[in-house]
Amino acid sequence: MTKPRSTNVGVLGFRYLGAHEVEELADLWGALHQQHTVTAPHLEDIISAVGLDESWRRRRAQYLNWLRDPDTMAILAEHEGDLAGYAMVTIRENAQGSWDRGERVAVVQTFAIDPEYTGAGVGSKLLEEVRRQLAAMGIRDIEFSALATASEDISFLEQEGFRPFVTTMVCRVDGFGAHD
């Protein structure tokens, strides 16, 4: 049974995780994995979903790899002892091109909110903490991907000041050209 949540959680605590604490993220990743598979059924014919255990095994390995870089941030949001959400943020060098985005850009690799806390302000507060840390590092821009069919996620990001920048399209290498 889920606990009822108010529309605003109030004060959140933030904890910065090291590689030895990554396992704490497994359940929140599981909820996000479930959301991904429900939100993007249009991809089933070209991208095969993997089961939860395999998904976590792969993501955990990626987290451990990212956390070798001292600039990577794994930020866990907690509310009264509950894990409410987390962000995994990496920093990449920015190849200068058409836009002045600074020398380095932040990439939100994972942003997971416990479904019990959806709509309670956890996402906004977690993103505020991410922005505070990035500003202290001299980072100006954040890249944040959302599934094209995740309209609630996209609306949240737009409310937080994000704008569409690049659209990523996917297909199988052996896919055919345009269908008439």
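In which loop is Gly97 found? Gly97 sits in the loop between β3 and β4. The model examined here is predicted. Gly97 has a relative accessible area of 59%. This value is over 50%, so Gly97 counts as exposed. Along the chain, Gly97 and Glu44 are 53 residues apart. Their C-alpha atoms are separated by 34 Å.

Another loop residue, Glu80, lies between β2 and β3. The phi angle of Glu80 is near 50°. That is a positive value in a residue other than glycine. Glu80 is exposed as well, with a relative accessible area of 72%.

The strands that flank these loops also contribute to the interior. The largest nonpolar core has 23 residues. Within this core, the residues with the most contacts are Val89, Ala106, Val122, Val130 and Leu134. Four elements each give two or more residues to the core: β2 (73-79), β3 (82-93), β4 (104-113) and α3 (122-136). The largest share comes from α3, which supplies five residues. In soluble globular proteins, nonpolar side chains tend to be buried together.

Ala106 illustrates the surroundings of one core residue. Neighbours within four places in sequence are left aside here. Ala106 is then in contact with Val89, Thr90 and Ile91, among others. Leu134 and Ile139 also touch Ala106. The list of contacts is completed by Asp141, Ile142 and Glu143. A second, separate core has 16 residues. Among them are Ala26, Leu76, Met88 and Ala112.

Ala26 also takes part in a helix pair. Two packed helices are described by the angle between their axes and the distance between the axes. Helix α1 spans residues 26-39, and helix α2 spans residues 52-66. Their axes come within 10 Å and cross at roughly 120°. Angles of 65 to 115 degrees would count as roughly perpendicular, and those over 145 as roughly antiparallel. The arrangement of α1 relative to α2 is therefore oblique. The crossing of the two helices is right-handed.

The residues that meet at this crossing come from both helices. From α1, the participants are Ala26, Trp29, Gly30 and His33. From α2, they are Leu52, Ser55, Trp56, Arg59 and Tyr63. By class, the contact of α1 with α2 has five nonpolar residues, three polar residues and one charged residue.

How values were computed. Residues numbered from 1 in each chain as written. Predicted model: local features only at pLDDT ≥ 70, side-chain atom pairs only at ≥ 80, totals over all residues. Heavy atoms only, no water. Core = buried A, V, L, I, M, F, W, Y, C linked by side-chain atoms within 4.5 Å. Buried < 20%, exposed > 50% of the residue type's maximum accessible area, 1.4 Å probe, protein only. Contact = heavy atoms within 4.5 Å. Axes fitted to C-alpha atoms, helices over the stretch in contact; angles between N-to-C directions. Parallel < 35°, antiparallel > 145°, perpendicular 65-115°, else oblique. Left-handed = near helix turned anticlockwise from the far one by under 90°. Nonpolar A, V, L, I, M, F, W, Y, C, P; charged D, E, K, R; others polar.
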